Amino acid sequence: MAPSVEVQWVAYTDKPKPENSCFLPSWKPIDNDKLHTAQVSILEYAAKKGLQLEQSDIETGCGTLHCIRAKGRGEGNDLLVLHGFGGGSALWALNMEAMADSCGGHVYFVDLPGFGRSQRAKTASYKSTAEAEDYFLTRIEGLRKAAGISKATIIGHSFGGYISACYAMKHPEVVSKVVLVDPWGVPVRDEAAKKRAKKMPWYIKCASNVAKWSGPLFLMRASGPLGPGLLPRFRPDLVSKWDGIFVNGQVADYIYQCNAMSPATGEETFMYLQIPFGYAKDPLCTRPFNASQDVHLIYGAESWMNPSHGKQIIDTHQGASSFTVIPNAGHHVYMDNIDKFNAALREVLQ
């Protein structure tokens, strides 16, 4: 059960309390101050739009979740917003204004359990997919209770979309509307996908086996002082999306620091939920939402996720729904075509 202790919110610019650390130098250049500085720098984009931003490490009853809260400027329920795999709550900075304008209470941007600045516990040996999902769902439910959220719209991107859907299915009495942004884990792994997996090069299969035990981002952590430079080198497409908006290097620093910490609980738990390569063990297209819930899917037209899989969810849903494809956008649709995405988001949140 979540504790009854009142949640303490502080300004998003306040530094976190220093943590006890070993006097020995670390192989990985983890720096909480650098993570904080990078997060503040990114959030300033939203703050300059007039948003009131606060932060808190919320006790859920089984660990703390880091959360950024924006005061709503519109009407409607509170919003719970979950980032994608390897991301962090600040990466929604370009969309925070659109969400706040469509909310009558608060918008809660949550670092997923085991990711970002949220607490990390040693990964358990899960006996089932449902048990692994519950690692995330129990903590999100604890946050909801601690924050005093009675009714919510939940929004999630990629893996955060999968967790959002699972949470909504488990708690239809809480979630009235679901917005899945280029969600992971929708389709069933068919025979064609199984054949493609068998034909994967040996080195990809080896990396996959290592990732089962160390997390998909193990290489970045294992690279020590070289780690911060790997992201711009191997994913320049992701870092370059922020060019001209934020100070050079801040986004790369933020993503690195969010993922360099150990244990890699979020990643390792994710591995219990997937089957090679990148399919969910319990795909969303086979699991119905409650008919009382509004379900909306937003995809990037150029995403590696196949929008037709998401269309299956809409076609079979018994309640209100919508399906939107944003042009000139890939998997990170919320930053690829900011104006179109924010317009679509405002429309479904009305």
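How many residues does helix H14 have, and how far does the helix reach from its first C-alpha to its last? In this predicted model, H14 spans residues 338–349, twelve residues in all, and reaches 16 Å between those two atoms. That is close to the 16 Å expected at 1.5 Å a residue. Burial along this helix follows a pattern that is easy to trace on the structure above. Phe341, Asn342, Ala344, Leu345, Val348 and Leu349 are the buried residues of H14. Viewed down the helix axis, these buried residues fall within an arc of 160°, so they line one face of H14. Asp339 and Glu347, in contrast, are exposed on the other side of the helix.

For the chain as a whole, the model shows 14 helices and eleven strands. Of its 350 residues, 53% count as buried. Contacts between residues with a separation of 6 or more were also examined, and 77% of these come from residues 24 or more positions apart. The chain exposes about 15,900 Å², and carbon and sulfur atoms supply 53% of that area.

The strands offer a helpful way into the fold, and S3 is a good place to begin. Strand S3 covers residues 64–71, while S2 covers residues 53–59. Six of the eight residues of S3 are buried, so this strand is largely enclosed by the rest of the structure. S2 and S3 run antiparallel and are joined by seven bridges. Within this pairing, leucine 53 has alanine 70 of S3 as its bridge partner. The two strands form a hairpin with four residues between them, where glycine 61 takes a positive phi near 100°. S3 is also joined to strand S5 (residues 106–110), again in the antiparallel sense, by five bridges. Here alanine 70 appears once more, with valine 107 of S5 as its bridge partner.

Valine 107 also leads on to the next strand, since it is the bridge partner in S5 of leucine 79. S4 and S5 pair in the parallel sense over four bridges. S4 runs from residue 78 to residue 82, and five of its five residues are buried, so the strand is largely enclosed by the rest of the structure. In a regular strand, side chains alternate between the two faces of the sheet. In S4, Asp78, Leu80 and Leu82 point one way and Leu79 and Val81 point the other way, and all are buried. S4 is further joined to strand S6 (residues 152–157), with which it runs parallel, by five bridges. Leucine 80 has isoleucine 154 as its bridge partner in S6.

Charged side chains add another set of links, and the count comes to eleven salt bridges. One of them returns to the S2 and S3 pair: arginine 69 forms a salt bridge with glutamate 54, with the closest N and O atoms 2.7 Å apart. This pair links distant parts of the chain, as arginine 69 lies in S3 and glutamate 54 in S2, 15 residues apart. Is arginine 69 buried or exposed? Arginine 69 is buried, with a relative accessible area of 14%, whereas glutamate 54 counts as partly exposed at 25% relative accessibility.

A further salt bridge connects two helices. Lysine 170 and aspartate 134 meet with their closest N and O atoms 2.8 Å apart. Lysine 170 belongs to helix H4 (residues 159–170) and aspartate 134 to helix H3 (residues 129–147), so that distant parts of the chain, 36 residues apart, are linked. Lysine 170 is partly exposed, with a relative accessible area of 42%, and aspartate 134 is partly exposed at 26%.

Within a single helix, lysine 311 and aspartate 315 form a salt bridge at 2.9 Å, N to O. Both residues lie in helix H12 (residues 307–316), four residues apart, which is about one turn of the helix. Lysine 311 is partly exposed, with a relative accessible area of 33%, while aspartate 315 counts as exposed at 53%. Finally, Arg73, Glu97, Asp101 and Arg346 are linked in a network of salt bridges.

Technical notes: Residues numbered from 1 in each chain as written. Predicted model: local features only at pLDDT ≥ 70, side-chain atom pairs only at ≥ 80, totals over all residues. Heavy atoms only, no water. Expected span 1.5 Å × (residues − 1). Buried < 20%, exposed > 50% of the residue type's maximum accessible area, 1.4 Å probe, protein only. Arc of directions from axis to C-beta. Salt bridge = Lys/Arg side-chain N within 4 Å of Asp/Glu carboxyl O. Pairing = 2+ DSSP bridges. Contact = heavy atoms within 4.5 Å. Areas by Shrake-Rupley, 256 points an atom, 1.4 Å probe, with all protein chains shown as cover.
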